[in-house]
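Visitor: I am new to this structure and should like a close look at a single part of it. Please describe that part, its partner and its surroundings in one connected account.

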Amino acid sequence: MLRDALFYPQRGPGWLWTVITGSLLTLVGAVLFVPLIPVQGYLLRVLRSTAEGRPHPPAFEDWGDLFVDGARVIAVQVAYLFVPVLVTLGGVLARVSGAPLLGSALLVLASVVGLASAYLLPGALTRLATTDRLTAAFEVRAIAGAARRPVYVVAVLEAYVALFVIAGLGGVLVLILVGAVFAFYGQVVGYHLFARGYAGATGDGQDPMHRPQTAAE
């Protein structure tokens, strides 16, 4: 699945312009936060398009909607990170305050909660994309049910490999254009895999990229 996903951003007409646009927004966003909002909105479109089984990545268009969707994505990401970050701060404060055992326990708990949040977040974002309801991203029981399916496990693990290796390399080199390309490209690959895993887990167990397309699509 990962090998196929690596070429996903290069499919369809106009793909090069899409990559250039996303890379430039990422580059400017390294200094000014605002351009990263439409990038997150675009990634939500990647989730939606992939879950629907569309073989080509979407384009950058309808910029107002991109900003709105991007804000919603960021809100979900912050919400899922809030608890592990809060517990981590509690652990650090406990150790500094002279309670090392409590601090260590809280840090271990923060790691467990953080991993769980990172594992469920792809499903949450894909639910947001497919239902267009912000509350759907917090329906933990439905997300956890999908997260137990093998197709979700494989896709999410491969997605994080792409995010850490490709996008992570871009993060290191983000102040030069080639770094921004890596950062954006890796995110598109990762979110594409997120949607493939969740859509397969909540549907018939089949990768949406391998389902037959109807004439309307």
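Guide: Helices (H or I, at least four residues) are DSSP runs, as are strands (E, at least two), numbered from the N terminus. This is a predicted model, in which local features need pLDDT of at least 70 and side-chain atom pairs pLDDT 80 or more, while totals for chains, interfaces and linings use all residues. Residues are numbered from 1 along each chain as its sequence is written, and side-chain values use heavy atoms, without hydrogens or water.

The part chosen is helix H5, residues 100-131. Its 32 residues should span 46 Å at 1.5 Å a residue (times one less than the number of residues); the end C-alpha atoms of H5 lie 45 Å apart, which agrees. H5 has a kink of about 35° at Leu120, shortly before the proline Pro122; the bend is the angle between axes fitted to the seven residues ending there and the seven starting there.

The partner considered here is helix H6, residues 140-147. The two helices pack at about 115° (from 0 to 180 degrees, between N-to-C directions), with axes, fitted to C-alpha atoms over the stretch in contact, 9 Å apart. H5 passes H6 in a right-handed crossing (near helix turned clockwise from the far one by less than a right angle). In contact (heavy atoms within 4.5 Å) are Tyr119, Leu120, Gly123, Ala124 and Arg127 of H5 with Val140, Ala142, Ile143, Ala144 and Ala147 of H6. Leu120, the site of the kink, is thus also one of the contact residues. By class, the contact has 8 nonpolar, 1 polar and 1 charged residues; Ala, Val, Leu, Ile, Met, Phe, Trp, Tyr, Cys and Pro count as nonpolar, Asp, Glu, Lys and Arg as charged, and the others, Gly among them, as polar.

Between these two helices runs a loop, and Asp132 is placed in it. Just after H5, Asp132 takes a positive phi of about 60°. Most residues other than glycine have a negative phi. Asp62, likewise not a glycine, has a positive phi of about 55°, and its place is in the loop between H3 and helix H4 (63-96).
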